[in-house]
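Subject: Structure for you to look at

Hello,

I am passing on a structure that I would like you to look through before we talk. Please open it first and then read my notes beside it.

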Amino acid sequence: MAMDVVDFEIKGAEMQFVEVELDPGEAAIGEAGSMMFMESGVEMDTVFGDGSQQQQGGIFGKLLGAGKRLITGESLFTTIYSNQGSGKKRVAFAAPYPGKILPMDLRQLGGTLICQKDAFLCAARGVSLGIAFQRKLGSGFFGGEGFIMQKLEGDGMAFVHAGGTVMRRELKAGETLLVDTGCVVAYTTGVDFDIQYVGKIKTALFGGEGVFLAKMTGPGHIWLQSLPFSRLASRIFAAAPQTGGGGREEGSLLGGLGAGGLLGSVLGGDNE
């Protein structure tokens, strides 16, 4: 299936969104719940599967695309935004949490990109959303990101989201980088992905970095994020007031005064 060639513009700093410009007849596919706005003339249609099989027809192709998304933990349905008007139209997709939106030209990346299962945001119509099984059992059982990752295939534009600040690095043949498993966003198919044990029990128990690290060996490109969503969620959960009267009511001045919370907040800082 021929890929739609779309123009785009990424806006914002910490909470970014991407505007995709569609010529008449062009379309983009988006992850469920990622759409920010669309101009009049853009039609939205929810399809079964990843959308890339729709032009081919046949129930088998649709079931195959839906099955791939179900295995990676995503929704069975994908939304297609197509320009049915006579002029250029725009549709925008927003990032789910603070970070950066990365434009990935699959044509320049060899036609395939492996990424975390929740990294995909949107793409030009024709990009296939598949699954990539980790070839080594150690990567699957201890990798932190699961045995299955998403595989984006095609020669069009795809957009993935990463938390915090993003680092792109090119690994030469044989060059190895050890990375926290949650910080891996995406990598090209030439990169060998494996899991390495920290090696010291004391470091594993008290170092705070986990027992296993991702071992990434070139050649190829890798993209890393400074703030994985799992790390952000754990910090929010740890800072949230606990039930049973132990928390403080920061949203209410009267509540804080009544429980002595205001004085406790001044003296205790952020409870860290």
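The notes below describe two sheets and the strands in them.

This is a predicted model, in which local features need pLDDT of at least 70 and side-chain atom pairs count only at pLDDT 80 or more, while totals for chains, interfaces and linings use all residues. Residues are numbered from 1 along each chain as its sequence is written, and side-chain values use heavy atoms, with hydrogens and water left out.

As background, the strands of a sheet pair through backbone hydrogen bonds, either parallel or antiparallel. Here a strand is a DSSP run of E with at least two residues, numbered from the N terminus, and two strands count as paired if DSSP finds at least two bridges between them.

One sheet is open and has four strands in the order β1-β2-β7-β4, with antiparallel pairing. Its edge strands are β1 (7–11) and β4 (35–38), each of which pairs on one side only. Between β4 and β7 (residues 89–94) there are three bridges in the antiparallel sense, and F37 has A92 in β7 as its bridge partner.

Another open sheet has three strands, ordered β15-β18-β17, and its pairing is antiparallel. Because β15 (176–179) and β17 (192–197) stand at the edges with a single partner strand each, one side of each is left without a neighbour in the sheet. The antiparallel strands β17 and β18 (residues 212–217) are joined by six bridges, and D192 stands opposite T217 in β18.

Best wishes
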